[in-house]
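Biologist: I am new to this structure and would like to understand the reasons behind the terms used for it. Could we go through them one at a time?

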Amino acid sequence: MSPPYDVLDAAIVQQLEQANRHNVVRLILSRYFEPPYRAVRKRLEKWRDHGYLRADETPALYLYAYQADGRTVRGLIGLVGLRADEERVILPHEDVMSAPVADRTLLMRTTETNLEPILLVHDGTPALTDLCDRVVDRQPLTSFVALDGSTHQLWAINAPEELTTIAVEIAPHRALIADGHHRYAAYRALQEELASGPESPWAFGLAMLVADGDSGLAIGPIHRVVAGLTLRDVEDAAAERGDRYEPAEEPPGALVPGQSATFWLSDGTTWATLTTERSS
């Protein structure tokens, strides 16, 4: 187990490498490997040959749950079919940078493997929640405590009737990319480059699908610095648009999600909140 590649610093990488010679960080972001990642491919093949990594005999979806900071997050891990952007099935919410996309594309092309799932959020249903509740009552395939104290469990779902229920419940819904925009862009690039048809392995990517409202998944704030803009500029613009601008003497507390978007603002000495309607 490892956190996503793009939140790892050198100290965490070293700690994970020392903790386990077969930690996945040695594939996704090893200190010793550089593009074009041929050494990673050789290590991956060696791990498979020795049985450190092996495919399950029966294809399955997997229910994964972790507990950290008083929250429990659970979701389904499996293949996601890659669709054209105009179909609006998987929805990104931010742009990507070319260098990270090229890096992940090169890694996946060289290893012919999806080494990390992207994180998708969708509207859950009562039937899907009930099914997941029943699955977690079973004996997990694995259960362990990570170096940071978080706990992790994994279950396989391969009963035909349960897979059918999952398919029926998620089919009408779109999914929002919560994390993994660059990896998803790499999926799409490899699909365009290598997929020979809708059943090609390159027409799919690895994803974890979390139901909104059925999990403790929390999306933290995104921090941005804007030059040449004062809080007075923001206040004037808010008045023109009809948004709500409120000065504050200290950093605001927790924000409750709703039908509006709220931003915390600071010029380094004072604080304010800006609330805008999502439709605007």
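Modeller: Let us begin with pairing, since two strands pair if DSSP finds at least two bridges between them. In this predicted model, an open sheet of 8 strands has mixed pairing and follows the order S3-S7-S4-S8-S2-S1-S6-S5.

Biologist: Why are S3 and strand S5 called edge strands?

Modeller: Each of the two, S3 and S5 (142–145), pairs on one side only, and they are therefore the edge strands.

Biologist: How do you know which strand pairs with S3, and in what sense?

Modeller: S3 and S7 are joined by 2 bridges in the parallel sense, and at least two bridges are needed, so they count as a pair. One partner can be named here, as Ile90 has its bridge partner in S7 at Ala175.

Biologist: What makes S4 a partner of both S7 and S8?

Modeller: Strand S4 (residues 118–123) has 6 bridges to strand S8 (residues 204–212), with the two running parallel, and 4 bridges to strand S7 (residues 175–179), with those two running antiparallel. Both counts satisfy the requirement of at least two bridges, so both are pairings. On the S8 side, Asp123 has Asp212 as its bridge partner, while on the S7 side His122 stands opposite Ala175.

Biologist: Why is S4 described as mostly covered?

Modeller: A residue is buried when its relative accessible area is under 20%, and 5 of the 6 residues of S4 are buried, so the strand is called mostly covered.

Biologist: How many residues of helix H7 are buried, and what covers them?

Modeller: Helix H7 (residues 181–194) has 10 buried residues out of 14, among them His181, Tyr184, Tyr187 and Leu190. What covers the buried residues includes strand S3 (90–91), helix H4 (98–111), S4, S7 and S8. From its first C-alpha to its last, H7 reaches 20 Å, which is close to the 20 Å expected at 1.5 Å a residue.

Biologist: Why is the pair of Tyr64 and Tyr66 called tilted?

Modeller: The count comes to 1 aromatic pair, formed by Tyr64 and Tyr66, whose centres are 5.9 Å apart with 35° between the planes. The centres lie within 6.5 Å, and the angle is neither under 30 degrees nor over 60, so the pair is tilted. As for burial, Tyr64 is at 12% relative accessibility and so counts as buried, whereas Tyr66, at 25%, counts as partly exposed.

Biologist: What makes Asp69 and Arg88 worth examining in the loops?

Modeller: Asp69 is not a glycine, although its phi is positive at about 55°, and Arg88, also not a glycine, has a positive phi of about 55°. Asp69 lies in the loop between strand S1 (61–68) and strand S2 (71–81), and its relative accessibility of 80% is over 50%, so Asp69 counts as exposed. Arg88 belongs to the loop between S2 and S3, and with a relative accessible area of 42% Arg88 is partly exposed.

Biologist: How do you know that a charge sits over the ring of Tyr5?

Modeller: The charged end of Arg104 sits over that ring, 4.1 Å from its centre, and the distance is therefore within the 6 Å allowed.

Biologist: What is the mean pLDDT of the protein, and which elements have the lowest and highest values?

Modeller: The mean pLDDT is 90, with 93% of the residues reaching 70 or more. Among the elements, strand S10 (residues 260–266) has the lowest mean, 83, and strand S6 (residues 151–157) the highest, 97.

Key. Residues numbered from 1 in each chain as written. Predicted model: local features only at pLDDT ≥ 70, side-chain atom pairs only at ≥ 80, totals over all residues. Heavy atoms only, no water. Buried < 20%, exposed > 50% of the residue type's maximum accessible area, 1.4 Å probe, protein only. Phe/Tyr/Trp six-rings, centres within 6.5 Å; stacked < 30°, edge-to-face > 60°. Lys NZ or Arg CZ within 6 Å of the ring centre and 35° of its normal. pLDDT = per-residue confidence, 0-100. Expected span 1.5 Å × (residues − 1). Contact = heavy atoms within 4.5 Å.
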